[in-house]
Amino acid sequence: MNVKEEQYLKRVIKRVNEKADSLGETIDSNEDQYKELKRHTVDYKAELDKYEVYNYQQTMSFIDRRSTLETGILQKLNYQKSSPYFAKVGFQYQQEQEVEPFYIGRYGFADDRGEQLIYDWRAPIASLYYEFNLGQGSYESFGKIFQGNILEKKQFEIQDGEIQLLVDTEDTVNDEFLLQELSQSSSHEMKTIIQTIQKEQNEVIRNTKTKNLIIQGVAGSGKTAIALHRMAFLLYQKRASLTAEDILIISPNLIFSSYISNILPELGENDLQQLDITTLGKSFMEETVSVSSRQTELTEIIERPNSQRSKSYRYRDSSEFFEKLTAYLQQLTQQVVAEDLVLTQEKILSKENLGRFFENPRQQPLVVLIEQVSRRIAEEERLEDSKPVAAKLKKRIGFSNSLSAYLNFLSTLPQGCQGDSDKNLLASSDLYPYLYFKLRFEGIKSKQQIKHLVIDEMQDYSMLHFRVLQALFPGEKTICGDINQALTKDQQPFLEELSDLLPANQLVTFDKSYRSSYEIVEFAKQFVNNPEMTAVKRHGNPVEIIPVVDFPDKLIKLKQKLVEFQQSRFTTCGIICQSLQEVKQLITELSMPLTIINENTSKVEENIVLTTIQYAKGLEFDTVILPDIELGQLKQTDNRLYTSCTRALHQLIILTN
Ligand SMILES: Nc1ncnc2c1ncn2[C@@H]1O[C@H](COP(=O)(O)OP(=O)(O)OP(=O)(O)O)[C@@H](O)[C@H]1O
């Protein structure tokens, strides 16, 4: 029992309560005022002129907006009543005698007298907690560096207004706290990690300078968590110029979107917009053509990697495909300048001179370039109208729109690689190649005013995806993923290519895994070639490998494990299959409440989940069961097996044929 800290906590909670009570009263009186105004406008409808009505409406909308704001503040105060802060730093500024205490919490709090009793975890002063051990420390605020000595660091676990745990720590974040945090059971929603952000993670979260930040990290190293905390930090830091509407997250599927959707609201910010890559791509298409499902293509590539379809889909990610696409675009330009241009009966522009107009260092879209060139020719040759010139040049391309030109390009590809796009249905694997083509052919107007793009699971996108995204969203980006978790391809030159593509980038690498127990990380490491990967020293059960002889035997053993899970302290279990076929078989045989995750699943309702790695990636479960692994698979490198194993926090069970 630390009397001083108990007293401070009481004082803070008292002030929070006072503020919450007074705000509660204000909200109630706002509500009364709103109702009163509404009643008045209804009762006196016939007598009010249009200006009075307008005035009433304006006042009501103002009250409404104020109430929304105040209700948000009240929610934060209610949280603070129970758990106002989690850390304290005692800091002695250089050349000062006094040691000032700073308490750090999820939200900041100043009482009515303006005394800052709690600092938001994103405030500059909180860097002292995340970045420094006891001793010398500094932080930057408004461009000024404040230096001094950190003489005290405490970490708290406060629940229901009571101190449950209090430790003095010399380090940045105390290990005991981290381990306690990591040993908790998971839920189907991602949690905030503000209490235990690690030094190297903090540097990324607080990085405001890098335009394109790329985070390559081993499974469970906190990439997604960090990317989201970084957004919360930027929203706080740049609140005058950045709002939640300015940020867009590209997420791999619906279930992942729902898994991460509560982080920003928990941190007191509005939720961020999320879109999958196909929906985003489709929003840039003016044509009324449909686009097939990316998830169906991914399933084909994962489950039948050698089928002709898979080869054709994967071909679109290859450098050969990109070279052919670029060459085709060049050929179209060549066609435009291949012959002399008859301007009038007397005037002919030689093809050599025409060619000079078409030098294109700024890589303008071909159609735009033709229009510009036509205007220049008309000006130089004193023609009345540039349109007939443009029409003649466009005719030489042979296609009136990007889609027909792109479909023609597909027909020039080697047999078996042409794919199955047509004028009514574009294959998902053709969507971004097509958008790239369109960008270079007639251009795409960027509609969205997105200032920051977050791309998670970067390894599952091709360079063409990134080329298009960079062209459409030239602003800031946070891109994270793990090349060893690539679902569909060998990603060796991926990071180099990505770095070359994005200007002003910084690549950060994380090797420490926080999600899984030591035993699980050590086991999973054998499936990838990454000796750098390390685990937090949090021990758990050994990985269980259970041989099964046939399907009925498998069912018995699987059911038994599920019963054990239900009796354990764990709350979430993921059964991750190698194929959809296995999922289908298990659905009919496992007669118990479980949630099947597929393309359309947006919420997990049950504790047990049945799915494939395509949908489980990015997620996590206390217990993971892999029901259909061949013994031979355990002896070789395998991205998908690595990804599957690392979904587990505490327990990994593998049933082998
Ligand atoms: N500093 C931390 N303190 C507490 N928990 C952490 C910390 N860093 C990461 N974690 C936890 O580790 C788990 C993995 O985090 P996250 O999903 O962000 O990792 P990831 O690198 O995106 O994983 P993957 O690539 O395997 O999907 C989460 O449960 C997260 O809360």
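These legends accompany several views of a predicted model.

**Figure 1. The whole protein at a glance.** The chain folds into 24 helices and 25 strands. Along the principal axes, its C-alpha atoms fill a box of roughly 100 × 80 × 65 Å. Of the 657 residues, 53% count as buried. The accessible surface is about 31,000 Å², and carbon and sulfur atoms account for 48% of that area. If we look at contacts between residues at least 6 apart in sequence, 71% join residues at least 24 apart. There are 76 positive and 93 negative charges, and the mean positions of the two sets are 4 Å apart.

**Figure 2. The helical stretch at residues 13–40.** An unreviewed UniProt entry lists these residues as a "coiled-coil region". In the predicted model, the stretch is 100% helix and 0% strand. Its end C-alpha atoms are 40 Å apart.

**Figure 3. The largest nonpolar core, centred on the view of Leu626.** This core has 83 residues. Trp121, Leu626, Cys645, Leu652 and Ile654 have the most contacts inside it. Helix H6, residues 223–237, gives the most to the core, with 10 residues. Leaving aside neighbours within four places in sequence, Leu626 is in contact with Ile576, Leu641, Ser644, Cys645, Leu652, Ile653, Ile654 and Leu655. A second, separate core has 72 residues, including Tyr328, Leu366, Val389 and Leu410. As a general point, nonpolar side chains in soluble globular proteins tend to be buried together.

**Figure 4. Trp121, a loop residue that is buried.** Trp121 sits in the loop that runs between strand E4 (116–120) and helix H3 (127–131). With a relative accessible area of 1%, Trp121 falls under the 20% cut-off and therefore counts as buried. Trp121 is also among the residues with the most contacts inside the largest nonpolar core. Look for Leu267 in this view too: the two residues are 146 apart along the chain, and their C-alpha atoms are separated by 9.7 Å.

**Figure 5. Gly137 and its surroundings in strand E5.** Gly137 belongs to strand E5, which covers residues 135–141. Its relative accessibility is 6%, so Gly137 counts as buried. Not counting residues up to four places away in sequence, Gly137 touches Phe91, Leu128, Phe132, Phe146, Gln147, Gly148 and Ile150. Lys438 is 301 residues from Gly137 along the chain, and the C-alpha atoms of this pair are separated by 53 Å.

**Figure 6. Asn262, between two helices.** Here we turn to the loop between helix H7 (254–260) and helix H8 (263–266), where Asn262 is found. Asn262 is buried, with a relative accessible area of 14%. Glu189 and Met190 are the residues that Asn262 touches, not counting those up to four places away in sequence.

**Figure 7. Gln95 and Ala504, two residues with positive phi.** Most residues other than glycine have a negative phi. Gln95 has a phi near 65 degrees, a positive value in a residue other than glycine. Gln95 is found in the loop between strand E1 (87–93) and strand E2 (100–105), and Gln95 is exposed, with a relative accessible area of 81%. Ala504 has a positive phi of about 45 degrees although it is not a glycine. Ala504 lies in the loop between helix H19 (494–501) and strand E17 (505–510). At a relative accessible area of 53%, Ala504 is over the 50% cut-off and so counts as exposed.

Methods
Residues are numbered from 1 along each chain as its sequence is written. This is a predicted model: local features need pLDDT of at least 70, side-chain atom pairs count only at pLDDT 80 or more; totals for chains, interfaces and linings use all residues. Side-chain values use heavy atoms; hydrogens and water are left out. UniProt positions are given in the numbering used here, feature names are shortened, and annotations may be inferred rather than shown by experiment. Helices (H or I, at least four residues) and strands (E, at least two) are DSSP runs, numbered from the N terminus. Buried means under 20% relative accessible area, exposed over 50%, partly exposed in between (1.4 Å probe, protein chains only). Contact means heavy atoms within 4.5 Å. Accessible areas come from the Shrake-Rupley method with a 1.4 Å probe; for residues, only the protein chains shown count as cover. Lys and Arg count as positive and Asp and Glu as negative; His and the chain ends are not counted. The place of a charge is taken as NZ of Lys, CZ of Arg, CG of Asp or CD of Glu. A nonpolar core is a set of buried Ala, Val, Leu, Ile, Met, Phe, Trp, Tyr and Cys residues joined through side-chain atoms within 4.5 Å.
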